[in-house]
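Biologist: Please take a close look at the aromatic rings in this protein, and at what surrounds them. I would like one connected account.

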Amino acid sequence: MAGSGQLALVKRYEKKYRIRPELVPEIRKYITPFVIPDKFGIGDPPEYMITTLQLDTPSYAFHYAKELEYDERFKLRVRTYNEPGTSPVFAEVKSKIQDIIVKSRVMVPFDKWGPDLIFSTDLPYIFKSTQQETDFLKFRRLVWETDASPANILRYTRESYVGPGELYLRVTFDRKLEYCPRPTWTNFGRGETWYSMDSGEAQDEETSCVVLEIKTLEEVPAWIIDMVEKFNLQNRGNCKYSTGMWKDSLFSRKVTPRNSIMESLVWSV
């Protein structure tokens, strides 16, 4: 669903794995009988670029909720695809309730997106359904209530495969991860300096890894379970937003470094 915006609400299970780059061709070959290339992907393998504006509160509550692994949390983000300006933006609320992900998103024309849209009390005639209006108002309400504003921008290349027919299933490989610490509501990193997150240090691994994500509904296909066992995949969270914030904190001290968070928890016990 790179650019469709047709499914307003998705309730799913989501697992992430950090894998060595040389493992990608083997897993790609393994999944070939069960998936088809994402129609929004370009080339072989099918890829597209994702750029995401991450919002956070003045105290970076969304970031810390992830770092401290709260069972119930949510994030606010604004996503666009390929070169900014060539596709719409999607305002998203992504919630996590234990192991279940609930995500709502609404499509906004790129030239209509900005702070005037977020902080206006009017509802423009740009949405195609009552559901889209409801999803946008939910996003706007949460921005207002949490005093959220741009925190950083992420971008990466995604190789994407989906389930055939109506089956909701996605298998993706994310690489070329970067962050931009100078976000505004509308720049999406254009004209700014980008910094790499493709390193073993950033990913807490010995070497740089590709991020494999598997997203399904409640019924997980047997072949996915077999794949996890065959390749000895270890589920490890990889929040791109918090990684970017952590990397930037090494220079800006915008947020508390990861090791200091854990030290403060130990001393508070």
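**Rings and their surroundings**

Modeller: In this predicted model, the side chain of Lys240 sits over the face of Tyr156, 4.6 Å from the centre of the ring. A second charge over a ring is that of Arg155, which lies over the face of Trp194 at 4.0 Å from the ring centre.

Rings also meet other rings, and the structure holds 12 aromatic pairs. One of them is formed by Phe34 and Trp223, with 4.6 Å between the centres and 5° between the planes, and it is stacked. Phe34 belongs to the loop between α1 (24-31) and β2 (36-37), while Trp223 belongs to helix α6 (residues 222-230), so this pair ties together parts that lie 189 residues apart in sequence. The two partners can be described by their accessibility as well. Phe34 has a relative accessible area of 31% and is therefore partly exposed. Trp223 has a relative accessible area of 11%, so this residue is buried.

Another pair, Trp113 with Trp185, is tilted: the centres are 6.2 Å apart and the planes make an angle of 55°. Trp113 comes from the loop between β6 (100-108) and α3 (115-119), and Trp185 from the loop between β8 (169-180) and β9 (195-196), so parts that are 72 residues apart in sequence are tied together by this pair. Both Trp113 and Trp185 are buried.

To return to the stacked pair, Phe34 and Trp223 are also members of a cluster, in which ring pairs link them with Tyr30 and Phe231.

Two charged residues complete the account. Asp198 is found in the loop between β9 and α5 (200-203). Its relative accessible area is 27%, so Asp198 counts as partly exposed. A polar atom of the Asp198 side chain lies 3.1 Å from the backbone nitrogen of Leu177. Between the C-alpha atoms of Asp198 and Val210 the separation is 8.4 Å, and these residues are 12 apart along the chain.

Lys215 lies in strand β10 (residues 210-216). With a relative accessibility of 6%, Lys215 falls under the 20% limit and therefore counts as buried. Its side chain makes a polar contact of 3.2 Å with the side chain of Glu213. Beyond the neighbours within four places in sequence, Lys215 is in contact with residues including the aromatic Tyr13 and Tyr168, and also with Arg12, Glu14 and Arg158.

How values were computed. Residues are numbered from 1 along each chain as its sequence is written. This is a predicted model: local features need pLDDT of at least 70, side-chain atom pairs count only at pLDDT 80 or more; totals for chains, interfaces and linings use all residues. Side-chain values use heavy atoms; hydrogens and water are left out. Helices (H or I, at least four residues) and strands (E, at least two) are DSSP runs, numbered from the N terminus. Buried means under 20% relative accessible area, exposed over 50%, partly exposed in between (1.4 Å probe, protein chains only). A polar contact is a pair of N or O atoms within 3.5 Å; within protein, one must be able to donate a hydrogen and the other to accept it, and residues adjacent in sequence count only if both atoms are side-chain atoms. Contact means heavy atoms within 4.5 Å. Rings of Phe, Tyr and Trp (its six-membered ring) pair if their centres lie within 6.5 Å; planes under 30 degrees apart count as stacked, over 60 as edge-to-face and the rest as tilted. A charge sits over a ring if NZ of Lys or CZ of Arg is within 6 Å of the ring centre and within 35 degrees of the ring normal.
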